Amino acid sequence: MKILGIEHVGIAVNNFEESSSFWRDIIGLDLKVREEVDSQGVITDIYPTGNGKIELLMETYPNSPISRFLKKRGPGIHHICLEVDDINKAMVELKEKNIKVIGDHITKGAEGYKIIFIHPSSASGVLVELAQKI
Ligand code: CO
């Protein structure tokens, strides 16, 4: 597969008001878009940095993957997203190499990207999102 760069770093937060005071007021990033991603049970706030983005993630319902993460570990880095040129090719390659993909199919993520998540057990302990921009 061909990696085009780090698209964003996903950070789980308890609430946007608390966390945006750091990313917006202290670091000085501008919120680009707030979006609800049904397939993931999250609301995302996306802050471009000029080269890669910070994606703040808040749960939309109890027991979503983000709320389980927050309960277990508290707020913090949740995943790293790499941009790929061809998500279908990446998926085939991962399957050939017996890499564990969460959900086992390509879904639509924030900003309409086509995404998959690689399980941390197959990715040196990190939840890795692969995204193809459309
Ligand atoms: Co993400």
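# Questions on a predicted model

Reader: Is S124 buried or exposed in this model?
Author: In this predicted model, S124 has a relative accessibility of 75%. Because a residue counts as exposed once the value is over 50%, S124 falls into that class, and the answer is exposed.

Reader: Where along the chain is S124 found, and what is its phi near?
Author: S124 sits in the loop that joins strand 7 (114-118) to strand 8 (128-132). Its phi is positive although the residue is something other than glycine, and the value is near 50 degrees.

Reader: Which class of exposure does G125 belong to, and how many Å separate its C-alpha from that of Y47?
Author: G125 lies in the loop between strand 7 and strand 8, and, with a relative accessibility of 57%, it counts as exposed. G125 and Y47 are 78 residues apart along the chain, and their C-alpha atoms are separated by 25 Å.

Reader: Which residue in the loop between strand 4 (53-59) and helix 2 (65-73) has a positive phi without being a glycine, and what is its phi?
Author: The residue in that loop is N63, which counts as exposed because its relative accessibility is 53% and the cut-off is over 50%. N63 is not a glycine, and yet its phi is positive, at about 80 degrees.

Reader: In what order do the elements of the protein chain run from the N terminus on?
Author: The protein chain contains three helices and eight strands. Read from the N terminus on, these elements follow the order β-α-β-β-β-α-β-α-β-β-β.

Reader: What radius of gyration does the protein chain have, and why can it be set beside a compact globule?
Author: For 134 residues, a compact globule would be expected to have a radius of gyration near 14 Å, and the value for the protein chain agrees with that expectation. Along its principal axes, the C-alpha trace spans about 45 × 30 × 25 Å. The radius of gyration of the protein chain itself is 15 Å.

Reader: How much of the contact network joins residues 24 or more positions apart?
Author: Of the 134 residues in the protein chain, 43% are buried. Taking the contacts with a separation of 6 or more, the share that comes from residues 24 or more positions apart is 53%.

Reader: What part of the accessible surface belongs to carbon and sulfur atoms?
Author: The accessible surface of the protein chain comes to about 7500 Å². Within that surface, the part that belongs to carbon and sulfur atoms is 54%.

Reader: How many Å apart are the mean positions of the positive and negative charges?
Author: The protein chain carries 16 positive and 19 negative charges. When the mean position of the positive charges is set against that of the negative charges, the two are apart by 5 Å.

Reader: How many aromatic pairs does the structure hold, and what geometry does the pairing have?
Author: A search of the whole structure finds one aromatic pair. The partners are F22 and W23, whose ring centres lie 4.9 Å apart and whose planes stand at 85 degrees; since planes over 60 degrees apart are assigned to this class, the geometry is edge-to-face.

Reader: Which of the classes buried, partly exposed and exposed apply to F22 and W23?
Author: F22 has a relative accessibility of 40% and therefore counts as partly exposed. W23 has a relative accessible area of 19%, which is under the 20% limit, so the class for W23 is buried.

Reader: Which residues does A90 contact beyond its neighbours within four places in sequence?
Author: A90 belongs to helix 3 (residues 87-96) and is buried, with a relative accessible area of 0%. A90 and M1 are 89 residues apart along the chain, while their C-alpha atoms are separated by 5.2 Å. Leaving those sequence neighbours aside, A90 is in contact with M1 and L130.

Reader: Which residues does L94 touch, not counting those up to four places away in sequence?
Author: L94 is also found in helix 3, and at 7% relative accessibility it counts as buried. The C-alpha atoms of L94 and V42, which are 52 residues apart in sequence, lie 25 Å apart in space. The residues that L94 touches are M1, I99, V101, I116, I118 and L130.

Reader: Which residues does G112 touch, leaving out those up to four places away in sequence?
Author: G112 is placed in the loop between strand 6 (101-108) and strand 7, and it is buried, with a relative accessible area of 13%. From G112 to I134 there are 22 residues in sequence and 7.1 Å in space, C-alpha to C-alpha. The residues touched by G112 are E35 and I134.

Key
Residues numbered from 1 in each chain as written. Predicted model: local features only at pLDDT ≥ 70, side-chain atom pairs only at ≥ 80, totals over all residues. Heavy atoms only, no water. Helix = DSSP H or I, 4+ residues; strand = E, 2+ residues; numbered from the N terminus. Rg over C-alpha atoms; globule rule 2.2 N^0.38 Å. Buried < 20%, exposed > 50% of the residue type's maximum accessible area, 1.4 Å probe, protein only. Contact = heavy atoms within 4.5 Å. Areas by Shrake-Rupley, 256 points an atom, 1.4 Å probe, with all protein chains shown as cover. Lys, Arg positive; Asp, Glu negative; His and termini not counted. Charge placed at Lys NZ, Arg CZ, Asp CG, Glu CD. Phe/Tyr/Trp six-rings, centres within 6.5 Å; stacked < 30°, edge-to-face > 60°.
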